[in-house]
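Visitor: Can you walk me through this one? I'd like the layout and the cut-offs behind it.

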Amino acid sequence: MTGALAMTDNAIETRALRKQFGTHVAVADLWLQVPRGQVFGFLGPNGAGKTTSIKMLLGLVAPTSGDARLLGAAPGDHRVRARIGFLPEHFRFHDCLTARELLRVHGRLQGMRGGPLERRIDYLLARVDLSDTEHLYLRQFSKGMLQRAGLAQALIAAPELVFLDEPTSGLDPLGRVLVRELIEELRERGTTVFLNSHLLGEVEATCDRVIFVKQGCVVHEMSLTEPEQIVSAELRIDRLDSATLEGLRGFGRDVRLSGGTVILRVDSEAVMPEIARWLVGQGIAIHALGTRRKSLEEWFIEVMGADQRPG
Amino acid sequence: MQNLLTIMQLTFLELRRRRIVLAALACGAGFLMVFAAAIYLLHNFQSPSRPLLQIRIILQLQMLVGLYAVNLMTVTVAVMLPVDAISGEIASGVMQTLASKPVRRAQIVLGKWLIYWLMIAAYTTTMIVGVVLVMRVITGFSQPHVPAAVGLMTLQGTVLLSVVVAGGARLTTIANGMIAFGFYSVAVVGGWIEQIGVMMGDSGARYVGTAISLLSPTDALWRRALYLLQPPMMSQVAMTPFSSPSVPSVAMIWWAVAFAVGVLALSTSWFAKRSL
């Protein structure tokens, strides 16, 4: 590709992206728009075409049809690749290198040289807590250490767009916290993060927006930063008779009893003070009163449908 | 250019750290020691009453045996060294990280090819010079046309290297290794068919042999080297395992060069289109 890179508000755009291996359709029809600066979650069951989609976006796999743009240019454009970081799902590298040598090779391939590269390596090794492992080859690293080295590799050129494919799969809880902090730092710097993870708690804690893909198509998209429209109210009260439950129906729907807890769906958290006032007015003692949003896992199960088999 | 150098440095570092260079050097040194011991024993315990011409023929044959062993080792190194250079990295996932960087896939192939070529050239040269020196020091035998033999045997390794690199861009490591040795074996068989055709006056067999040499020119290069390494009387008239009544032409050498370059170009094209 020649000419200037097109400026666009989206870091990633795809139109009807499709990949077919023989008769097997890995990605059917992917339409994506990922705004710049967002931490974007890419969710779906195993075999949904997530990794193939990422590979197409990185130019590692040629699409059968459709179109994709990254930072305003075609995947594979070298000027764009210099501004992109990538941590593959199964991070492997020449295990005869040390972490510093690994970062040096990747930094050089990204166009970095000399002092700035060495300073960047120093910073990243310290940031992913690998400064004291410089005498070790990667083959001597634990899975978590390798993943942290891979993460540093993805960030070596201070990229504008980072693809993280299962970045916490080999990490212990401390490692996961580290990744969460790094993603937060990237967000503050305005870096777009494209995150593929099965750990929905991690996604929920870090992402601004998520999409759900199934059989290579986007089936649902939602924001995780805007106020949730539908929440569950959960009450523990000392009177569970039919009159009380009937009265609570005035504040929400799907009122049911689960153990000793009354659960009802409400449209907004704003209704909670009204429920509390009504219960007190009825002379009912309140032991606990709270709300619970639908978790990402519940969304996932609902969106994927009952026909989805465990992966 | 900087990316090409980085890939070359990475490839060399990997070969060194995985002790592949050390293993090749150790095997080479081991062979030279065994060869030197054998030549020493043969030279010091032969009958002193042999005619000078006979001694000269025996020494030439001993030299050719040593160089034949070097030839086989060069073939083995040229196949085994790069056999998983590309296919292995694709299978393990190493290539994904590398190829997602702003580096042309052709540079990845070329960077690896250049380092392996340097290794094969250095190995072949060292081993040939080693055999020649062993013979010179122990027996005083002086071998002519050594640089030409080095060039031809290195070219043989180069052709095999290109074939293996191209195979690595499309095949699994095991399939690639099998095809590479098959490619070499076909060349040897083609060489035999050609020799038999010439000896029997069967032009059909000769043409078949030549056609096979065009498809797989490795053995033709070894036979050209044999022709240069021994006096015409031995190479074309005498009946020794190294006689070659049909000498591959200079055009075959140029064909082999074009073949190696063409296959390398093909491998870059295949690798550029490969899903990683």
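Guide: What follows goes from chain A as a whole to two of its sheets, one helix and the contact with chain B.

Guide: This is a predicted model; local features need pLDDT of at least 70, side-chain atom pairs count only at pLDDT 80 or more, and totals for chains, interfaces and linings use all residues. Residues are numbered from 1 along each chain as its sequence is written, with chains lettered from A and ligands numbered from 1 in the order in which they are written.

Visitor: How many helices and strands does chain A have?

Guide: Chain A has 10 helices and 13 strands. These are DSSP runs numbered from the N terminus: helices are H or I with at least four residues, strands are E with at least two.

Visitor: What does the C-alpha trace of chain A span?

Guide: About 75 × 45 × 35 Å along its principal axes.

Visitor: And what share of chain A is buried?

Guide: 41% of its 311 residues. Buried means 20 or more other C-beta atoms within 10 Å of the residue's own; exposed means 12 or fewer, partly exposed is in between, and C-beta atoms are placed from the backbone.

Visitor: Take S6(A). Which residues cover its two faces?

Guide: A:Leu161, A:Phe163 and A:Asp165 are on one side, A:Val162 and A:Leu164 on the other, and all are buried. That fits a general pattern: in a regular strand the side chains alternate between the two faces of the sheet.

Visitor: Which strands pair with S6(A)?

Guide: S5(A) pairs with S6(A) in the parallel sense over 4 bridges. There, A:Phe86 has A:Phe163 as its bridge partner. S7(A), residues 192–196, also runs parallel to S6(A), over 5 bridges. A:Leu161 stands opposite A:Thr192 in that pairing. Pairing here takes at least two DSSP bridges between the strands.

Visitor: What unit do S6(A), H6(A) and S7(A) make?

Guide: A right-handed β-α-β unit. Right-handed means that, with the strands pointing away from the viewer, the path from the first strand over the helix to the second runs clockwise.

Visitor: Now H5(A). Why is it called largely enclosed?

Guide: Because 10 of its 12 residues are buried, H5(A) is largely enclosed by the rest of the structure. The buried ones include A:Met145, A:Leu146 and A:Arg148. They pack against S5, H3, H4, S6 and H6 of chain A, together with helix H5 (94–99) of chain B.

Visitor: How far does H5(A) reach?

Guide: 16 Å from first C-alpha to last, close to the 16 Å expected at 1.5 Å a residue. The expected span is 1.5 Å times one less than the number of residues.

Visitor: Switching sheets. What is the order of the open one?

Guide: S11-S12-S10-S13 in chain A, with antiparallel pairing. S11 (253–258) and S13 (286–293) are the edge strands, each pairing on one side only. The twist averages 20° from one strand to the next.

Visitor: Which helix packs on it?

Guide: H9(A), residues 272–281, touching S10 and S13; its direction makes about 160° with that of S13(A). Axes are lines fitted to C-alpha atoms, for helices over the stretch in contact, and angles run from 0 to 180 degrees between N-to-C directions.

Visitor: How many bridges join S10(A) to S13(A)?

Guide: 7, and the strands run antiparallel. A:Glu234 has A:Gly290 as its partner.

Visitor: Last topic. How many residues of chain A are in contact with chain B?

Guide: 21 residues of chain A, with 20 of chain B. Contact means C-beta atoms, placed from the backbone, within 7 Å. H2 (78–81) and H3 (99–109) of chain A each give two or more residues to that side. H3(A) gives the largest share, 4 residues.

Conventions
Two residues are in contact if their C-beta atoms, placed from the backbone, lie within 7 Å.
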